[in-house]
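Let's take a walk through this protein together. Pull up the model and keep the sequence alongside it as you read.

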Amino acid sequence: MTVMSNTYIENTPHFSNEEIGAARNAFLRYEQTQQVHLLTVMPVEEAVAILHHCSIGYVQQLISALEVEGHDKLARHYAHQLGFIHSEVETPSSYLDTTVVEHVKQRIGWIIALALLGIVSGLIISQYEDTLSQLVLLAIYMPVIAAAGGNTGTQAATLVIRALATGELRKRQWLAVFWKESRVALCLALAISLVIVGRILLFSDASATGGFDLNLIALAIAVALFIQVTMSTTLGGLLPILARAFRLDPAVLVSPVLASIVDISGMWIYFSVVNYFLGIA
């Protein structure tokens with residue numbers, strides 16, 4: 001078996017050199033997949049003693065393999081015991097220790113790509129200029145659609161990212177996350193929609209309705225908001241798991257991607273639903 005690096009971890013737990021040497025030699029005779037399995041079933045103290053006498057590069061490979069197979073919490077525990085991270089909820093690279101250039105490299109690609117993607121939202125709005133000209137009231141609630149979807153989606157994403165970081169949640173539990181967040185989304189969407197209906201009916205200026213029935217306008221906006229919040233909340237819960245599955249950093253990726261998706265889908269849903277309910281060509 002090829003070992004990647006000649007650098008080794010120090011500060012071995014209390015085992016004799018003979019015991020550790022024999023255990024390490026036996027461990028390295030297995031294929032990597034079998035080694036990963038052994039790390040999930042053997043006592044942690046013994047595993048740490050063996051890994052202390054393996055190269056850092058190869059240990060990092062094993063920890064990454066554990067994460068890929070869904071043993072995120074165990075992988076962080078090994079990383080913590082071996083001194084790669086200071087806390088089991090931290091990522092391997094420290095925020096302050098990472099240089100500004102590295103931070104920029106990590107973020108700039110997504111930011112530029114998603115900024116250009118934001119043009120799509122403007123194109124959608126431009127296609128519905130006639131709708132806005134016929135019903136000025138719609139312009140007032142456009143920010144509400146985008147903000148509500150973004151806020152509920154970000155809430156869900158933050159909770160899931162924290163659960164992933166602490167090991168409470170694993171990638172393979174995405175279906176459980178989908179089931180829970182979809183139910184939460186329906187409750188949030190219903191509550192927000194009812195509030196907006198009340199706001200429109202009680203405080204809207206009759207002159208801004210463009211001759212359309214105010215009750216129908218309120219219903220159309222509420223339905224669009226309901227769809228948007230349901231979709232964005234559920235998506236916010238699933239995006240961190242999807243990012244982790246592709247070995248991307250959810251903290252860097254999820255918020256900007258979610259914001260772009262919510263902006264684009266929100267405008268399309270909003271105008272499509274309103275046009276359908278009000279029959280605006």
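A residue counts as buried when its relative accessible area is under 20%, exposed when that area is over 50%, and partly exposed in between. Keep in mind that this is a predicted model. With that cut-off in hand, have a look at Val274: its relative accessible area is 1%, so it is buried. You'll find Val274 in helix H12. Which residues does Val274 touch, once those up to four places away in sequence are set aside? They are Leu138, Ala220 and Gly279. Ala220 sits 54 residues from Val274 along the chain, yet the two C-alpha atoms are separated by 5.2 Å.

Now zoom out to the overall fold. The protein has twelve helices and zero strands, so if you read along the sequence you simply get α-α-α-α-α-α-α-α-α-α-α-α. Of its 281 residues, 40% count as buried. Take the contacts between residues at least 6 apart in sequence: 78% of them join residues at least 24 apart. On the outside, the accessible surface comes to about 15,500 Å², and carbon and sulfur atoms account for 63% of that.

What does the record add? An unreviewed UniProt entry places the feature "transmembrane region" at residues 108-128, 140-164, 184-204, 216-239 and 251-271. Two of these stretches can be checked against the model. Residues 184-204 are 95% helix and 0% strand, with the end C-alpha atoms 29 Å apart. Residues 251-271 come out at 100% helix and 0% strand, and here the end C-alpha atoms are 31 Å apart.

Next, the inside. The largest nonpolar core has 29 residues, and the members that touch the most others are Leu138, Tyr141, Ile200, Ile221, Tyr270 and Phe271. At least two residues of this core come from each of H9, helix H10 (174-203), helix H11 (214-245) and helix H12 (250-278). H12 gives the largest share, eight residues. Tyr270 is a handy place to see how the core is put together: beyond its neighbours within four places in sequence, Tyr270 is in contact with Leu138, Tyr141, Met142, Ile145, Ile221 and Ala224. There is also a second, separate core of 21 residues, with Leu28, Ala47, Ile50 and Leu74 among them.

Helix H9 deserves a stop of its own. It covers residues 137-166 and holds Thr152, a residue that is buried because its relative accessibility is 6%. What does the side chain of Thr152 make a polar contact with? The partner is the side chain of Thr233, at 3.1 Å. Leaving out neighbours within four places in sequence, Thr152 is in contact with Leu188, Ile192, Val229, Ser232 and Thr233. Ala165 is also in helix H9, but with a relative accessible area of 22% it is partly exposed. Ala165 and Lys73 are 92 residues apart in sequence, while their C-alpha atoms are 8.2 Å apart in space.

Last, the cysteines. How many disulfides does a search of the whole structure find? The count is zero. As for their surroundings, Cys54 is buried, with a relative accessible area of 2%, whereas Cys187 is exposed, at 56%.

Definitions and conventions. Residues are numbered from 1 along each chain as its sequence is written. This is a predicted model: local features need pLDDT of at least 70, side-chain atom pairs count only at pLDDT 80 or more; totals for chains, interfaces and linings use all residues. Side-chain values use heavy atoms; hydrogens and water are left out. A disulfide is a pair of cysteine sulfur atoms within 2.5 Å. Buried means under 20% relative accessible area, exposed over 50%, partly exposed in between (1.4 Å probe, protein chains only). Helices (H or I, at least four residues) and strands (E, at least two) are DSSP runs, numbered from the N terminus. A polar contact is a pair of N or O atoms within 3.5 Å; within protein, one must be able to donate a hydrogen and the other to accept it, and residues adjacent in sequence count only if both atoms are side-chain atoms. Contact means heavy atoms within 4.5 Å. A nonpolar core is a set of buried Ala, Val, Leu, Ile, Met, Phe, Trp, Tyr and Cys residues joined through side-chain atoms within 4.5 Å. UniProt positions are given in the numbering used here, feature names are shortened, and annotations may be inferred rather than shown by experiment. Accessible areas come from the Shrake-Rupley method with a 1.4 Å probe; for residues, only the protein chains shown count as cover.
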